[in-house]
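I opened this notebook to record what I looked up, entry by entry, and to keep each reading beside the place it came from.

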Amino acid sequence: MKIENAVVLVTGANRGIGLAFARELLARGARKVYAGARDSASVTQAGVQPLRLDVTKPEDVAAAAAQASDVTLVINNAGIAQPGGFLAPDSEAVARRIFETNFFAMLRMSKAFAPILKANGGGALLNVLSAASWVNGGELAAYSASKSAAWSLTNALRGELAAQKTQVLALHMAYVDTDLTRGFDVPKSSAEQIVKRALDGLESGLDEVLADELTLQLKRGMTAARPSYLPQAS
Ligand SMILES: NC(=O)c1ccc[n+]([C@@H]2O[C@H](COP(=O)([O-])OP(=O)(O)OC[C@H]3O[C@@H](n4cnc5c(N)ncnc54)[C@H](OP(=O)(O)O)[C@@H]3O)[C@@H](O)[C@H]2O)c1
């Protein structure tokens, strides 16, 4: 779909990748950008319409759908991460908390906005996933599992939304330089670069964007003799 004249809702648009999406959408001529945020006062970007939206709260999602009934593109970006493995004492509580935001909220948002996208001609859904959808080394165990679930959700929605002509794009990338990866000593892409690639892909009609070299390498390695999701010899 084309961004020019689109009406877009971005979740978690107050900072990080969500803010980069909001800025790039404005630069590409979106007609309106609803900047969803838990605290709408934290949205400081000029030109957007702040929208109070905690994606884990069903009442917030329902209110957002009622208010933003002109949306033609939904970007499910809001997400949380917490380091730790599945054998940590608190891993079940951590996994439930992360799944609430990264999986169930994405499901709730998609259900709430599917009829709106249909009424507005089909439009598109862009789900922010991760290279961690495919590989789980245990350092961010619950986060990776939540992204795998969200990837599966995205694939199912693509089929379910095809009849109403809604484009569904999965965005995968490795590390991006935001608060989420602060303190991680790894190579990182800029949020601006990732967002440009995602929106280029969306405008070209793609179903999936692998937005950096590491993600492309991981994907290619899925069919290697020793696949990329297994521990690699160091
Ligand atoms: N950074 C990376 O390396 C990387 C790589 C792959 C994928 N991703 C994905 O990219 C997305 C954005 O991440 P980021 O790097 O920009 O992280 P970030 O800088 O930590 O920002 C996260 C955003 O999500 C919002 N958020 C969290 N819980 C929310 C909720 N319940 N309701 C509404 N908004 C909520 C935050 O709002 P508050 O300000 O209120 O906390 C913030 O705006 C996430 O889905 C993440 O998993 C990131």
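The entries below go from the ligand and its surroundings to single residues along the chain.

**Entry 1: the model.** I note at the outset that this is a predicted model, and I read every value below as computed from it.

**Entry 2: the shell around the ligand.** I began by asking how many residues surround the ligand. I found 28 of them, and the closest are Asn-14, Arg-15, Arg-38, Tyr-143 and Thr-178. When I sorted the shell by residue class, I obtained 13 nonpolar, 10 polar and five charged residues. I then looked for helices that contribute to this shell, and I noted that α1, covering 16-27, and α4, covering 141-161, each supply at least two residues. I also checked the pockets, and the space that the ligand takes is the largest pocket.

**Entry 3: polar atoms facing the ligand.** Which distances separate polar protein atoms from oxygen atoms of the ligand at Gly-12, Gly-79 and Thr-178? At Gly-12 I read 3.2 Å between a backbone N or O atom and an oxygen atom of the ligand. At Gly-79 a polar backbone atom is 3.5 Å from an oxygen atom of the ligand. At Thr-178 the partner belongs to the side chain, where a polar atom lies 2.5 Å from a ligand oxygen. I followed this with the area: the ligand taken alone exposes 890 Å², and the protein buries 94% of that.

**Entry 4: Thr-215.** I moved on to helix α6, residues 213-220, in which Thr-215 is found. Is Thr-215 buried or exposed? Its relative accessible area is 0%, so I recorded Thr-215 as buried, the cut-off being under 20%. I then traced the side chain of Thr-215 and found that it reaches the backbone nitrogen of Ala-174 at 3.1 Å. The side chain of Thr-215 is also joined to that of Asp-212 by a polar contact of 2.5 Å.

**Entry 5: positive phi angles.** I looked next at backbone angles, bearing in mind that most residues other than glycine have a negative phi. Asn-5, which is not a glycine, has a positive phi of about 75°, and I placed Asn-5 in the segment before β1, which spans 7-10. Lys-165 is likewise not a glycine and has a positive phi of about 60°. I located Lys-165 in the loop between α4 and β6, the latter being 167-172. Lys-165 counts as exposed because its relative accessibility is 67%, where over 50% is required.

**Entry 6: pairs separated along the chain.** I finished with three C-alpha distances, taking the setting of one residue in each pair as well.

- Leu-180 is found in the loop between β6 and α5, the helix of residues 191-203, and Leu-180 is partly exposed at a relative accessible area of 39%. Leu-180 and Gln-82 are 98 residues apart along the chain, and I read 8.8 Å between their C-alpha atoms.
- Leu-19 is found in helix α1, and with a relative accessible area of 15% I recorded Leu-19 as buried. Between Leu-19 and Pro-50, which are 31 residues apart in sequence, the C-alpha distance is 12 Å.
- Val-209 has its place in strand β7, residues 208-210, and Val-209 is buried, with a relative accessible area of 7%. Val-209 and Val-128 are 81 residues apart in sequence, and I noted 9.9 Å from C-alpha to C-alpha.

Notes
Residues numbered from 1 in each chain as written. Predicted model: local features only at pLDDT ≥ 70, side-chain atom pairs only at ≥ 80, totals over all residues. Heavy atoms only, no water. Near = heavy atom within 4 Å. Polar contact = N/O pair within 3.5 Å; in protein donor to acceptor, adjacent residues only side chain to side chain. Areas by Shrake-Rupley, 256 points an atom, 1.4 Å probe, with all protein chains shown as cover. 1 Å grid on protein atoms, 1.4 Å probe; cavity = no way out; pocket = protein on both sides within 12 Å on 5 of 7 lines; lining within 4 Å. Sits in = over half its atoms within 2 Å of the grid points. Helix = DSSP H or I, 4+ residues; strand = E, 2+ residues; numbered from the N terminus. Nonpolar A, V, L, I, M, F, W, Y, C, P; charged D, E, K, R; others polar. Buried < 20%, exposed > 50% of the residue type's maximum accessible area, 1.4 Å probe, protein only.
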